[in-house]
Amino acid sequence: MSNQEQTEAKPQQIAPADSELLTARQKLEKFLNEKNAVTDVLNQIEEQTGIQKIYQVGGLGGFLAFYMAVGYGAQILCNFLGFLYPAIASIKAIESEGSRDDRQWLTYWVVYALFNILEYFSDLLLSWFPFYYLMKLLFLCWCMAPVSWNGSHILYTKVIRPWFLKHEQEIERDLSMIETGVNSAATAAVAAAKEQATAAAQQHIADQIQNAGSNDQQEPSN
């Protein structure tokens, strides 16, 4: 057998990224074959139009991307999509056995929280960029994607975790100072509220005694 024939006989190897994309598609097709409210609607559309569910989802994704680029209310829709699916997946992870998916979604929420903090201080500037909310949605999808190059995992392991471990003692000290200050303020507020309540009660009793004495003096003698 020639070298060319041996080369042709070898099975083609699938790259890891392609394999993971294939796995993600298989998970999507598994979901689309399940019995739920979403697939019921998609099945009805498929019966009427002949368009397979997987292509319906792809078309919806394309329309959503277009709407995120030019549509009204893109900010609200982007935040809604970035919260709804991870919230549902997190609930399912809590109720399931094992901790692998718990760690995955905890990591996502850490990244999501830090992203929202950064966005809060730069929203007025970034919101003027063309297609900003489309890019934000793609970023959130990358962070929740069920692949090894998941954005949350990469950002946590490469950026957030090293920074946190480096500054952990300073963070703990600052949190302790904040906790002490909050406890002191709460204690002072409770003490002040008690003093005001006691003073108000004493004043009310004194007013009642004074009113009772005035009523006694105004009554005619027999």
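**Exercise 1. Cysteines in a predicted model**

Work out why the sulfur of Cys-141 has no bond to the closest cysteine sulfur.

*Solution.* Start with the distance: the closest cysteine sulfur to that of Cys-141 sits in Cys-78, 8.4 Å away, which is too far for a bond. Keep in mind that this is a predicted model. A disulfide would need the two sulfur atoms within 2.5 Å. Next, try Cys-143: its closest cysteine sulfur belongs to Cys-141, and at 9.3 Å that pair is too far for a bond as well. Finally, widen the search to the whole structure, and the disulfide count is zero.

**Exercise 2. Buried or not?**

Decide how Cys-141 and Cys-143 should be classed: buried, partly exposed or exposed.

*Solution.* The cut-offs are under 20% relative accessible area for buried and over 50% for exposed. Cys-141 comes out at 37%, so partly exposed is the right label. Cys-143 has 3% relative accessibility, so count this one as buried. Cys-143 has company on the buried list of α7, including Tyr-132, Leu-134, Leu-140 and Met-144. Now look at a residue that touches Cys-143, namely Ser-152. Ser-152 belongs to helix α8, residues 151-166, and its relative accessible area of 0% makes it buried. Leaving aside residues up to four places away in sequence, Ser-152 also touches Thr-107, Tyr-108 and Val-111.

**Exercise 3. Check the length of α7**

Find out whether the end-to-end distance of helix α7 agrees or disagrees with its residue count.

*Solution.* Helix α7 covers residues 132-144, which is 13 residues. At 1.5 Å a residue, that should give a span of 18 Å. The end C-alpha atoms lie 19 Å apart, so the two values agree.

**Exercise 4. How does α5 pack against its partners?**

Describe how helix α5 is oriented against α7 and against α4.

*Solution.* Take α7 to begin with. The axes of α5 (residues 74-95) and α7 approach within 9 Å, crossing at roughly 5°. That angle makes the pair roughly parallel. On the α5 side the contact includes Cys-78, Leu-81 and Tyr-85, while α7 brings in Tyr-133, Lys-136, Leu-137, Leu-140 and Met-144. Sorted by class, this contact has nine nonpolar residues, three polar and one charged.

Then turn to α4 (residues 53-70), whose axis comes within 8 Å of that of α5 at a crossing angle of roughly 135°. This makes α4 oblique to α5. Here Leu-64, Tyr-67 and Met-68 of α4 meet Ala-74, Leu-77, Cys-78 and Leu-81 of α5. The tally is seven nonpolar residues, with no polar and no charged ones.

Note on methods. Residues numbered from 1 in each chain as written. Predicted model: local features only at pLDDT ≥ 70, side-chain atom pairs only at ≥ 80, totals over all residues. Heavy atoms only, no water. Helix = DSSP H or I, 4+ residues; strand = E, 2+ residues; numbered from the N terminus. Expected span 1.5 Å × (residues − 1). Buried < 20%, exposed > 50% of the residue type's maximum accessible area, 1.4 Å probe, protein only. Axes fitted to C-alpha atoms, helices over the stretch in contact; angles between N-to-C directions. Parallel < 35°, antiparallel > 145°, perpendicular 65-115°, else oblique. Contact = heavy atoms within 4.5 Å. Nonpolar A, V, L, I, M, F, W, Y, C, P; charged D, E, K, R; others polar.
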